[in-house]
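Subject: Handover of a structure

Dear colleague,

Please find below the structure that I am handing over to you. I should be grateful if you would keep it open while reading the notes that follow.

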Amino acid sequence: MPATANQRRLETTLEVKAGTTVTAGTDVVAGTKLKGKHVVGTSGTPTIVGEAAAGTAPTVTVTGTDLSGFVELTVGVAPGATGDVLKVTLNTALPSTVRVVIFPRNERAATAVAQVSCIGVDASNWRIQKQSGAAWTATEIYQWNYIVTA
């Protein structure tokens, strides 16, 4: 079956040598596999808010892009034992519900691995949810690395 114009452009564009860049705007055809040693994104920075289970007036920060980075939560006063602790909103929505992998960045988050999960809400949002265990203590700091795909 002959290739469409987009397929021909993709095949030509992806024949790259080490040290070169694939230009944004290239159409990717379903079923195409991209291989490489590194994936680099230049999307904007997402926003983050603390949720009820993080307590009253938690401090939350996000460092990175829509594609990857890390989030930090400093627990507020009277946190809940279960529920959403933070919500991240992407700078640019993805074409489908986000899939997110989180992994601990600091020791406190590592000790809480069995207590938390990460849930893609829709094409623009994901959240970390505390599902079990005693409520965390105010002023404790939890940090997670994240990687986002669609």
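Which residue of strand 3 does V60 stand opposite? The residue is L73. Please note that this is a predicted model. The pair serves as a starting point for the account below.

The chain and its elements

The protein chain contains 2 helices and 8 strands. Read from the N terminus, these elements follow one another as α-β-β-β-β-β-α-β-β-β. The chain has 150 residues, of which 28% are buried.

The open sheet

V60 and L73 belong to a pairing between strand 2 and strand 3, which is antiparallel and has 6 bridges. A hairpin of 3 residues connects strand 2 with strand 3. These strands are part of an open sheet of 4 strands, arranged in the order 2-3-8-5 with antiparallel pairing. Strand 2 and strand 5 (99–104) each have a single partner strand, so one side of each has no neighbour in the sheet and they stand at the edges. From one strand to the next, the twist averages 25 degrees.

If you follow the order of the sheet, the next pairing is that of strand 3 with strand 8, which is antiparallel and extends over 7 bridges. Here L73 appears again, with Y142 of strand 8 as its bridge partner. In addition, V71 stands opposite W144 in strand 8. Strand 3 is mostly covered, as 5 of its 7 residues are buried.

Strand 8 also pairs with strand 5; the two run antiparallel and are joined by 6 bridges. Within this pairing, I102 has Y146 of strand 8 as its bridge partner.

The nonpolar core

Which residues touch the most other members of the largest nonpolar core? They are V71, L73, L86, W126, W136 and W144, and the core holds 24 residues. Two or more residues are given to this core by each of strand 2 (59–64), strand 3 (68–74), strand 4 (83–89), strand 7 (125–130) and strand 8. Strand 8 provides the largest share, with 4 residues. As background, nonpolar side chains in soluble globular proteins tend to be buried together. You may find it useful to locate V71 and W144 once more, as these two residues stand opposite each other in the sheet and are also among the core residues that touch the most other members.

A nonpolar patch on the surface

Not every nonpolar side chain is covered in this model: V101, F103 and I147 make a nonpolar surface patch of about 250 Å². I147 lies in strand 8, which spans residues 141–149. The relative accessible area of I147 is 39%, so this residue counts as partly exposed.

Salt bridges

How many salt bridges are there? The count comes to 2. By way of background, side chains of opposite charge can pair when their charged atoms come close.

One salt bridge is formed by R127 and D84, whose closest N and O atoms are 3.4 Å apart. R127 lies in strand 7 and D84 in strand 4; with their positions 43 residues apart in the sequence, the pair links distant parts of the chain. R127 has a relative accessibility of 24%, so R127 counts as partly exposed.

The other salt bridge joins R108 to E140, with the closest N and O atoms 3.2 Å apart. Because R108 lies in helix 2 and E140 in the loop between strand 7 and strand 8, this pair ties together parts that are 32 residues apart in sequence. Are the two partners buried or exposed, wholly or in part? R108 is partly exposed, at a relative accessible area of 36%. E140, in contrast, is buried, at 16%. The cut-off behind this distinction is that a residue is buried when its relative accessible area is under 20%.

A contact across the sequence

Finally, please look at R105, which is found in the loop between strand 5 and helix 2 (107–111). How far apart are R105 and Q143 in sequence and in space? They are separated by 38 residues in sequence, while their C-alpha atoms are 5.1 Å apart. R105 itself has a relative accessibility of 42%, so R105 is partly exposed.

Yours sincerely,

A colleague

Key:
Residues numbered from 1 in each chain as written. Predicted model: local features only at pLDDT ≥ 70, side-chain atom pairs only at ≥ 80, totals over all residues. Heavy atoms only, no water. Patch = residues over 30% accessible without salt bridge, like charges linked within 9 Å, V, L, I, M, F, W, Y side chains within 5 Å. Areas by Shrake-Rupley, 256 points an atom, 1.4 Å probe, with all protein chains shown as cover. Salt bridge = Lys/Arg side-chain N within 4 Å of Asp/Glu carboxyl O. Buried < 20%, exposed > 50% of the residue type's maximum accessible area, 1.4 Å probe, protein only. Core = buried A, V, L, I, M, F, W, Y, C linked by side-chain atoms within 4.5 Å. Pairing = 2+ DSSP bridges. Axes fitted to C-alpha atoms, helices over the stretch in contact; angles between N-to-C directions.
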